[in-house]
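Thank you all for coming; I would like to walk you slowly through one structure today, so please have the sequence and the model open in front of you.

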Amino acid sequence: MYSEKELQGGLTTKVFGRKLYVYDSIDSTNACAKTFATKGAEEGTVVIADHQTAGRGRFGRTWLAESGSNLLFSVIIRPTFSKDKFGLLSFFASAGIALAIEPVTGKQCECKWPNDILLNDRKFCGILMETTFQKNKFDYIIIGIGLNVNQRNFLGDLAGKATSLSRECGRELDRRSVFCEIMSSLELLYKDVSRGDFNKVLKEWKVRATIFGKRITVTQTASVIDGIANDLAADGGLVVETKSGQRVFHAGEVTLAAQ
Ligand code: BTN
């Protein structure tokens, strides 16, 4: 893994990544960031690791990533807006990453609700947000980002579904530059986001969304529902026209159905 000094040497940010904890191997950067956050770590603090022994994915899944090839990191933010905006933060992270990646790869990213990022219909980046709040306010939010940069092979279940930046653009990328670009992009968008203004974020996310107007399936723990994806609700929920009328989803996995 790069050293803290090497990574920070490439940053042009004022806050994001300025406090950086770098590990060769750790259980989960999200778990570690959570510990730092509860001890008062400041906004913009990042925990980054080359390898995770218990990387966490959404729905309690494990996030698997080859060491030496990818980016695995967690960013701590402490927005002061009310917790009902939590659902919008996943679009902040996705849009920020897409905007950072595109000039590097020369390819437009696809954003999948709520927070997967794809290239050529395959996922290369997953985001796991974790938070605690008191009354209506956040204590902190951890934005955990797993981004496949130079990994070439994906086994088992991942084989047909996952990809990496290098697979899509046919060359190895410098993980340090990708990380630093993401820090800059997030910091720029966070100027509006920290004030509760998600207009730019939502505009950028929607331009890259591939499901609107299409038939989709939303899978939740106890249900599978089909419908046409219509729009985002004000709180970031997914508005779907189903057989039994319009429904808004706040969790679940979306897949494109046969059109
Ligand atoms: C998903 O399931 O799509 C979200 C995956 C998020 C994985 C990242 S890797 C860095 C950070 N630390 C974790 O334990 N998880 C997130």
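Before we look at one particular glycine, a word on terms: helices and strands here are DSSP runs, numbered from the N terminus, where a helix has at least four residues. Please also keep in mind that this is a predicted model.

With that in place, take helix H3, residues 86-105, which is followed by Gly 106, a residue whose phi is positive, near 75°. At 1.5 Å a residue, the 20 residues of H3 should span 28 Å, and the end C-alpha atoms are 29 Å apart, which agrees. Of those 20 residues, 15 are buried, so H3 is largely enclosed by the rest of the structure.

Let us turn to the sheet, which is open, has seven strands in the order E1-E2-E3-E7-E6-E5-E4, and shows mixed pairing. Strands E1 (20-26) and E4 (110-112) stand at its edges with a single partner strand each, so one side of each is left without a neighbour in the sheet. From one strand to the next, the twist averages 20°. E4 pairs with E5, residues 116-119, in the antiparallel sense over three bridges, and Lys 112 stands opposite Asp 116 in E5. Helix H5, residues 175-193, lies across E1, E2, E3 and E7, running at about 25° to E3.

Finally, which residues of helix H6 (residues 199-208) are buried? They are Val 201, Leu 202, Glu 204, Trp 205 and Arg 208, and they cover an arc of only 165° around the axis, which puts them on the same side of H6. The cover over these buried residues includes H3, E4, H5 and strand E9, whereas the face turned away carries the exposed residues Asn 199, Lys 203 and Val 207.

Conventions: Residues are numbered from 1 along each chain as its sequence is written. This is a predicted model: local features need pLDDT of at least 70, side-chain atom pairs count only at pLDDT 80 or more; totals for chains, interfaces and linings use all residues. Side-chain values use heavy atoms; hydrogens and water are left out. Two strands pair if DSSP finds at least two bridges between them. Helices (H or I, at least four residues) and strands (E, at least two) are DSSP runs, numbered from the N terminus. Axes are lines fitted to C-alpha atoms, for helices over the stretch in contact, and angles run from 0 to 180 degrees between N-to-C directions. Contact means heavy atoms within 4.5 Å. The expected span of a helix is 1.5 Å times one less than its number of residues. Buried means under 20% relative accessible area, exposed over 50%, partly exposed in between (1.4 Å probe, protein chains only). The arc is that of the directions from the helix axis to the C-beta atoms.
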